[in-house]
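Some notes on chain B follow, for a reader coming to this model for the first time. They go from the whole chain to its contact with the neighbouring chain, and then to one strand.

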Amino acid sequence: MELLSYFLHALTPMNLLLALVGVVLGTVIGALPGLSATMAVAVLVPFTFAMEPASGLIALGAIYTGAIYGGAFAAILVNTPGTPSSIATTFDGYPMARRGDGGLAVTLATFASVSGGIVGALALLFLAPPLAKVALAFGPPEYFWLAIFGLTLIAALSVGNTLKGLIGACIGLLLSMVGVAVVGGDVRLTGGLPSFLGGIDVVSALIGLYCIPVILDLVATKAAHLKVEADDKGYRLAEAAAIAWKSKFNVVRSSVIGTVVGILPGAGGSIAGLVSYTEARRASPRSANFGKGEPDGVIATEAANNATVGGGFIPTLVLGIPGTPPDAIILGALLVQGIKIGPQLFNAEADTVYTFIYGLLIATVLMLPAGLLIGRYAYRSIISFPKSLLVPTIAFLTVVGSFAIHSNVHDVQVMFVLGVIGWILNRYGFQPSPIVLGLVLGQIAEQGFVQSWLIGSSTGNLAGMYFGRPISIAIIAAAALTLCYPFYAEWRARRRNSEPLTEIATEAEAHPTAPAATGAPQASTRDTGAMICAAIFVVIGAIALMDTADMSAMGAVFPRAISILLIGFSLVMIGLALTGRGVRAPAPEPAEASRKRIALGVAFAAWVFAIPVLGFGASSLIAFLVIMFIAEHEPQPNAVWLRRIVIAIAIVALFWLLMAKGLLLRMPDGLLF
Amino acid sequence: MTLRKTILVSAAIALSAAIPAFAQDAASFPTKAMTYIIPFDAGGESDISARFQQAEWNEHTGQDVIIQYQPGAGGAQAWSQLNDIAGDGYTIMGINLPHTILQPLEGDAGYKTEDLTPVHYFHYTPNAIFVTADSEFETLQQLIDYAKANPGMVTFAGSGSKSANNLGQLEFDSAAGVTTTYVPFSGTGPSVTAVLGKQTTAGFNYATSAMAQGDALRMLAVASDERMPAFPDVPTFKELGFDIVGGAYRGVAVPASTPEDLRQRISDIVAEINADPDFVKKMEDGGFVLTDITYDKMPDFVAQMTAEYSEGAKALGIGQ
């Protein structure tokens with residue numbers, strides 16, 4: 001059989017080595033939030049010019065798939081998605097790690113990623129030409145409804161306090177509109193600052209909203225970052241295999257969702273992860289456990305996001321339309337090699353294409369041993385690092401990551417400011433996840449909506465455009481089911497006279513900062529803090545509304561609708577709070593914990609604003625040392641400090657070299673270095 | 001060789017190597033890898049053409065070039081930062097027309113057209129009207145007839161608002177005396193996907209899309225001066241009686257602090273690659289039209305383009 005001979009081509013020692021090195025490199029890059037597969041692939045493309053086309057492609061594909069997988073490590077261990085694809089991994093992965101199941105979560109993520117990756121690659125191998133039609137069947141209305149479906153997850157994430165979830169989503173949607181609009185071309189919500197023309201970068205917002213609160217809370221207490229069982233059971237392979245086997249249907253469903261979403265250009269891993277998470281939660285008998293450390297949540301997200309790799313190559317290779325930026329770079333590498341993309345590719349260049357696909361499959365399988373080893377090492381380092389090294393290291397990584405996106409300090413500042421705001425809002429019950437969902441899905445929702453509007457009104461069939469297309473109807477039905485199912489489940493639970501789901505789920509409220517249950521909300525006290533927040537949101541909504549006055553009709557419709565919603569929701573919340581019916585967030589902790597927190601916040605702020613003045617290296621080294629001292633709760637002998645200072649210098653130097661010499665980023669010089 | 005001699009020779013070599021580091025000699029430039037910033041996401045025409053250059057770069061300069069992406073605000077984010085980069089010649093940036101003329105006209109883009117220093121515009125991609133291969137429209141005239149009978153009903157997918165595609169569609173509307181609806185997408189990829197999926201009646205895209213899609217698309221007319229070598233059967237708008245020539249030009253820019261001799265040298269490198277037969281073949285096969293607007297021709301070219309596009313911008317309601 002011909003396909004078999006291509007398989008043997010892929011099995012040359014050189015290709016195997018490239019696949020292995022690619023996967024390892026990709027996993028490490030992906031695990032560092034902000035450093036992306038796009039960057040690594042872009043830098044390495046020139047090296048592939050000298051290689052055989054298939055070998056070069058295997059190396060690039062392996063880096064890509066490794067990076068998507070590696071994102072899970074940061075999500076599980078420090079609650080920060082390493083890539084936007086693993087946003088939903090934080091929902092359950094981090095709570096698992098907090099309660100001592102970090103090793104198990106990493107192993108599960110590995111199993112799921114490998115399975116998802118294989119399903120996606122097999123789809124690419126056998127079904128690419130017919131599946132490419134899916135990309136064409138999705139028009140603007142389908143993208144709009146897909147984004148709305150993703151947003152329904154907010155209802156699930158904020159059970160017990162949907163209002164705060166909706167307000168958070170509106171904030172996220174408004175943030176997604178900052179900058180120059182694709183449709184209409186208006187400059188929106190920048191406050192007149194040219195640095196915001198490019199909008200708020202999703203990755204820097206992710207790092208800020210998820211990671212800064214973790215750092216602030218880490219420094220406040222003496223307790224270890226992650227709980228470690230006295231008899232740490234290592235990989236817990238057998239246990240993980242048993243869980244994965246029990247969830248085999250979840251694995252397959254999530255992989256299929258991931259493959260299909262991957263085929264849609266512009267949708268990508270983040271949506272795939274969110275959609276399959278939502279589906280897994282709805283289908284699970286333990287849906288109330290989602291968000292509190294349910295293994296199925298990690299499995300669903302990780303299976304789906306690695307399936308998008310194979311799925312994304314389908315439109316890239318068949319239609320010449322890349323699904324994601326790494327796909328686009330690989331497409332460019334193919335064109336430079338003189339390979340013509342298109343439906344005829346699978347015949348004309350069968351040798352290269354099939355060798356590449358098998359290489360991708362092999363790389364995915366290699367992810368299993370490589371990932372488990374790296375994951376084990378990452379987990380060990382996280383739990384064995386003393387806090388006074390862990391806190392500045394994570395803080396430094398947030399700065400490195402948000403800087404690396406555009407070689408721009410502006411992104412670092414946005415990251416920090418959003419992080420502090422996110423932490424404050426979380427205190428009053430506004431969780432970061434709805435904001436992130438709004439930010440990630442906002443652009444897709446808006447573009448789909450306005451494009452549908454333009455097409456629908458020009459053909460005089462507006463209602464048919466939004467509600468009359470078969471795929472749209474299916475997505476709307478799924479969204480409605482997701483929204484209504486919790487109410488049905490609760491009603492059924494009440495009828496059986498057992499504990500209502502809401503009660504259980506509110507315990508998850510305080511995620512991610514305090515997974516420990518805070519008890520039932522006290523309905524009798526007034527939620528003053530949230531009321532002040534809501535009042536500020538009303539003002540923000542009003543400012544945004546005024547900003548829409550001189551926009552084109554196309555550019556104004558979405559921000560106008562969202563700001564009106566934001567004002568409406570906030571007013572309802574103020575009303576509820578005044579009548580004592582608000583859901584109060586847990587009370588803040590005593591003052592002494594907050595002293596260290598404020599010190600850290602001040603040091604961090606000084607850091608992000610000193611980078612352009614002092615230079616990246618100098619300011620980072622100083623800040624690292626200062627934060628190191630802030631994060632230590634016990635007096636330590638000088639020898640310990642000396643050792644830590646040496647480690648600090650080594651870490652800063654290592655990352656500076658990686659950025660300046662490895663990824664060739666332009667580093668701000670400033671006065672020093 | 002004695003030890004003393006060795007030291008002397010090494011010192012002399014070290015000295016001679018050290019001096020040009022201060023006074024960069026344009027003739028020996030470059031002596032290390034260069035960075036080429038693309039102000040867009042990967043996969044667009046800017047990226048693909050830069051990748052084609054990258055493949056030839058080492059052969060012509062002896063050094064590699066690294067491509068990095070800095071997307072944001074339709075390119076404005078990167079262009080507004082171009083002049084903050086050191087002008088040692090080692091960092092260059094892709095630059096596009098009409099973007100760098102329309103964006104500052106529209107409002108505060110963070111830069112002005114005259115702040116940027118293009119040293120070479122090396123190709124352009126003409127606008128073209130596309131339909132799917134099985135579309136009922138075989139000729140441009142059929143599409144125009146349909147648009148006249150059904151005002152507003154013809155929808156064109158294109159890349160971005162107030163872009164080269166958008167400008168082309170408005171010119172077409174006024175030249176043909178029709179009213180069509182322009183639907184902006186976030187790039188060439190998504191807009192061609194919409195055309196292929198028949199989400200819109202037709203597409204106002206760049207001619208390059210025809211190469212990537214092969215037989216799946218039919219090009220009804222192209223906005224170039226003459227028929228393109230890659231598509232001898234596709235008529236130009238001019239032939240059909242519509243005075244529409246337009247599209248997007250792409251080139252290379254340097255920070256304003258770059259000395260004259262280096263600007264000239266980089267312009268020469270791009271011009272040299274533009275004459276490389278391998279490069280020419282890849283570009284023409286890809287549907288790109290090569291241009292050779294070198295550094296010395298730049299002031300006239302930019303002035304002429306600014307005049308042309310400013311007029312077009314009025315039709316878009318920009319800069320009034």
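1. Chain B of this predicted model contains 11 helices and 10 strands. Along the principal axes, its C-alpha atoms fill a box of roughly 90 × 40 × 30 Å.

2. Of the 320 residues in chain B, 55% are buried. Taking the contacts in chain B between residues at least 6 apart in sequence, 76% join residues that are at least 24 apart.

3. Chain B touches chain A: 51 residues of chain B are in contact with 48 residues of chain A. On the chain B side, the elements giving two or more residues are the helices and strands α2 (45-61), β2 (65-69), α3 (76-79), β6 (181-185), α7 (188-196) and α8 (208-213). By residue type, this side of chain B has 19 nonpolar, 25 polar and seven charged residues.

4. One of the elements on that side, β6 of chain B, deserves a separate look. How many of the five residues of β6(B) are buried? Five of the five are, and the strand is mostly covered. The burial applies to both faces: B:Thr181, B:Val183 and B:Phe185 lie on one side, B:Tyr182 and B:Pro184 on the other.

5. Which strand is joined to β6(B) by five bridges? The partner is β5 of chain B (residues 155-159), and the two run parallel. Within this pairing, B:Val183 of β6(B) has B:Ala157 opposite. Between β5(B) and β6(B) the chain passes through helix α6 of chain B (residues 164-176), making a right-handed β-α-β crossover.

Technical notes: Residues are numbered from 1 along each chain as its sequence is written. Chains are lettered from A and ligands numbered from 1 in the order in which they are written. This is a predicted model: local features need pLDDT of at least 70, side-chain atom pairs count only at pLDDT 80 or more; totals for chains, interfaces and linings use all residues. Helices (H or I, at least four residues) and strands (E, at least two) are DSSP runs, numbered from the N terminus. A residue is buried if 20 or more other C-beta atoms lie within 10 Å of its own, exposed if 12 or fewer, and partly exposed in between; C-beta atoms are placed from the backbone. Two residues are in contact if their C-beta atoms, placed from the backbone, lie within 7 Å. Ala, Val, Leu, Ile, Met, Phe, Trp, Tyr, Cys and Pro count as nonpolar, Asp, Glu, Lys and Arg as charged, and the others, Gly among them, as polar. Two strands pair if DSSP finds at least two bridges between them. A crossover is right-handed if, with the strands pointing away from the viewer, the path from the first strand over the helix to the second runs clockwise.
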